[in-house]
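This report looks at how the protein holds its ligand. Have the sequence and the model open as you read.

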Amino acid sequence: MTTPVYQNFIHGQFVPNQSKETFAVKNPATDEVIYHVEVADESIQEKAIASAREGFTAWSAMAPIERSRILNKAVYLLRERNDELAKIEVLDTGKPIQEADCVDIQTGADVIEYFAGLAPTQVGTQQPVANDFFYTRKEPLGICAGIGAWNYPLQIACWKSGPALAAGNVLIFKPSEETPLGAIKLAEIFIEAGMPAGVFNVVQGAAEVGQWLTTHTEIEKVSFTGEVGTGKKVMQSAASNLKDVTMELGGKSPLIVFDDADITEAVSAAMLGNFYTQGEICTNCTRVYVHKSVYTQFINQLKARTEANIIAGDPLDPNVNLGALISKKHQDLVLGYIEKGKAEGATLLTGGHALSPESAPNGYFVAPTIFTDCTEDMTIVKEEIFGPVMSVLVFEDEADVIARANNTELGLGAGVFSQNIQRAHRVIHQLKAGICWINSYGNSPAEMPVGGYKQSGIGRENGIETLNSYTQTKSVYVGMSQIESPF
Ligand code: NDP
């Protein structure tokens with residue numbers, strides 16, 4: 001059976017490349033190639049820029065409320081096609097349909113809707129200075145680039161296009177080579193919603209295509225989601241013409257469970273923050289610090305619920321709640337970390353191996369894995385694994401656990417479970433992380449800014465400040481009095 005071949009989506013249509021170079025995309029749950037995609041060669045890259053230039057002229061001239069209407073139409077189409085789009089995400093990523101159905105498309109649509117609402121609210125200032133005055137205008141940056149990771153492909157494309165387009169910019173988006181289809185579907189929806197051609201172009205390929213975006217002199221900003229190491233390379237290239245950057249990078253986030261916590265809720269949070277999307281979430285609380293006095297109770301419940309409630313299998317089965325990892329390479333990487341955990345002296349509480357479920361025997365599954373007796377010098381406690389691997393650590397003293405939680409170069413998320421509101425806030429305020437939760441974990445509504453401290457990132461996504469980051473301020477000084485000149 002022949003599989004479909006998708007071309008790059010430029011100026012409102014699919015455009016063939018000249019090199020004929022393609023890459024294959026596999027379904028992680030079956031190990032089968034499901035389609036091919038043409039690489040954005042030089043001819044495509046040139047067309048993408050020319051199209052974006054034209055798109056910017058049309059889009060930035062529109063009244064913000066007109067842009068808002070078009071974005072809202074796209075939101076309507078995204079929600080109307082939720083099931084079809086969710087299925088595409090499941091086949092590309094290996095995640096369970098029970099997640100994609102209610103999270104991926106909906107949270108993407110929410111963000112576009114949020115920024116569509118904000119588009120017409122952008123205002124400048126006016127201020128008198130002596131007899132003259134000046135005013136400011138919020139103007140778009142121009143052509144922006146988005147580069148996405150593979151864990152939430154369509155959602156990432158929405159999170160980057162929502163604020164960029166609402167502010168009047170145009171976006172050239174490169175999805176991950178592992179998950180290229182969701183962004184194409186979004187591009188089609190934007191055109192159907194009435195967006196001018198060239199406002200949202202999708203280019204396909206691996207690092208070389210990403211590098212081209214980060215070095216092209218006409219691109220004003222790069223919004224990147226991916227690993228810390230790649231983020232550093234992107235920033236370095238972006239410096240070539242002083243592009244603005246937003247960096248959404250990796251994490252090794254702590255969850256601190258105090259002795260007065262609701263243990264059932266804390267276990268729910270730890271499981272969600274390690275096993276949802278088979279552990280492939282940047283904010284995951286992979287270092288779980290539990291107070292000594294509730295430690296036994298916590299790990300007994302954690303082990304029992306993990307062993308009883310995880311259903312791995314065909315991700316299209318709505319009962320399945322653990323999907324396949326993105327690739328064989330990534331599965332091997334995660335299993336390698338598990339071996340390191342064992343070798344470095346952590347105790348395996350449960351899991352610790354690959355899975356081959358009956359309904360998806362060839363998928364890249366890893367059993368939910370929990371290590372106890374962990375210490376801060378272990379590789380599994382120090383490095384981001386991006387799979388279903390939780391490290392549990394014990395603490396007794398508040399100041400000590402804060403210091404240990406902060407002892408990392410990363411600072412994406414952090415969580416605290418305690419019924420003592422003063423302690424909960426006091427501790428959260430001392431944690432060096434950009435996205436924090438008290439008696440909750442993982443929720444990320446459109447209204448809430450998200451981003452990392454330290455090496456977990458620069459800038460924010462979502463929330464009002466993100467719209468501002470896609471604008472530049474122009475000051476206009478107006479002379480009302482005669483110029484005083486010595487000449
Ligand atoms: P990578 O850094 O490997 O890739 C991210 C994107 O960058 C991909 O589209 C990739 O292309 C592209 N790319 C690779 N090299 C370059 C380069 N030199 N220049 C420009 N672009 C390049 O990340 P993953 O896709 O493996 O995603 C997992 C990582 O993403 C984890 O560290 C995770 O924590 C992080 N992440 C962070 C989030 C956040 O909001 N903070 C959210 C989600 C994930 P290709 O893959 O096609 O080669």
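The model is predicted. Start with the site itself. The ligand takes up the space of the largest pocket.

**The shell**

How many residues surround the ligand? There are 27, and the closest are G148, E177, T230, L249 and E384. By type, the shell splits into 12 nonpolar, 10 polar and 5 charged residues.

Two domains take part. Domain 1 (5-250 + 456-474) supplies at least three shell residues, and so does domain 2 (254-438).

Which elements each give at least two residues to the shell? They are α8 (207-215), β11 (219-225) and α9 (228-238). Of the contributors, α8 gives the most, with 3 residues.

**Polar contacts**

Three protein atoms pair with N or O atoms of the ligand, as listed here.

| Residue | Protein atom | Ligand atom | Distance |
|---|---|---|---|
| W150 | polar side-chain atom | oxygen | 2.9 Å |
| S176 | polar side-chain atom | oxygen | 3.3 Å |
| L249 | backbone N or O atom | nitrogen | 2.7 Å |

W150 and S176 each use a side-chain atom towards a ligand oxygen. L249 uses its backbone towards a ligand nitrogen. The protein covers 88% of the 900 Å² of accessible area that the ligand has on its own.

L249 thus appears twice: it is among the closest residues, and its backbone lies 2.7 Å from a ligand nitrogen.

Terms used:
Residues are numbered from 1 along each chain as its sequence is written. This is a predicted model: local features need pLDDT of at least 70, side-chain atom pairs count only at pLDDT 80 or more; totals for chains, interfaces and linings use all residues. Side-chain values use heavy atoms; hydrogens and water are left out. A residue is near a molecule or strand if one of its heavy atoms lies within 4 Å of it. A polar contact is a pair of N or O atoms within 3.5 Å; within protein, one must be able to donate a hydrogen and the other to accept it, and residues adjacent in sequence count only if both atoms are side-chain atoms. Accessible areas come from the Shrake-Rupley method with a 1.4 Å probe; for residues, only the protein chains shown count as cover. On a 1 Å grid over the protein atoms alone, a cavity is a set of points where a 1.4 Å probe fits but cannot get out, and a pocket is an open set with protein on both sides within 12 Å along at least five of seven lines; lining residues have an atom within 4 Å of a point. A molecule sits in a cavity or pocket if more than half of its atoms lie within 2 Å of its grid points. Helices (H or I, at least four residues) and strands (E, at least two) are DSSP runs, numbered from the N terminus. Ala, Val, Leu, Ile, Met, Phe, Trp, Tyr, Cys and Pro count as nonpolar, Asp, Glu, Lys and Arg as charged, and the others, Gly among them, as polar. Domain bounds come from an automatic or database domain assignment.
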